[in-house]
Amino acid sequence: MKTRKIPLRTCVACGKEADKREFVRIVRTPDGEVAVDPTGKANGRGANVCPTTACFEQAVKRKRFAAALRVNLREEDVERLRREFERAASK
Ligand SMILES: [Zn+2]
């Protein structure tokens, strides 16, 4: 019997490793928009973060999303992401 390896993801803020279901995925869509990906399946470069405000804010402060997604996040992008994140994290 083969054991299937569960691919681990890493939180961009605190570095915790866990199954991808434990994280909220932020994705850069092919047209350059940055959004929360509630399905975890959207196309594009993704960054994972724990569903906690602490990790989200730390990732913003340390520009981890910008680095992981290779985008420049404007203040209004951060505001929108924060709202989407809070909705996704409070499930
Ligand atoms: Zn974290």
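Five bridges connect strand 3 (residues 24-28) with strand 5, and the two run antiparallel; strands here are DSSP runs of E of at least two residues, and helices are runs of H or I of at least four, numbered from the N terminus. The model is a predicted one, in which local features need pLDDT of at least 70 and side-chain atom pairs count only at pLDDT 80 or more, while totals for chains, interfaces and linings use all residues. Residues are numbered from 1 along each chain as its sequence is written.

Within this pairing, Ile 26 stands opposite Ala 47 in strand 5. The open sheet has three strands in the order 4-3-5, with antiparallel pairing (two strands pair if DSSP finds at least two bridges between them). Strand 4 (34-37) and strand 5 (45-49) each have a single partner strand, so one side of each lacks a neighbour in the sheet.

Turning to the interior, the largest nonpolar core holds 17 residues, and Ile 26 is among those with the most contacts inside it, as are Val 49 and Cys 55. Such a core is a set of buried Ala, Val, Leu, Ile, Met, Phe, Trp, Tyr and Cys residues joined through C-beta atoms within 7 Å; buried denotes 20 or more other C-beta atoms within 10 Å of a residue's own, exposed 12 or fewer, and partly exposed in between, with C-beta atoms placed from the backbone. Strand 3, strand 4, strand 5 and helix 1 each give two or more residues to this core.

Helix 1 (residues 53-61) also contains Thr 53, which counts as exposed because it has 12 C-beta neighbours inside 10 Å.
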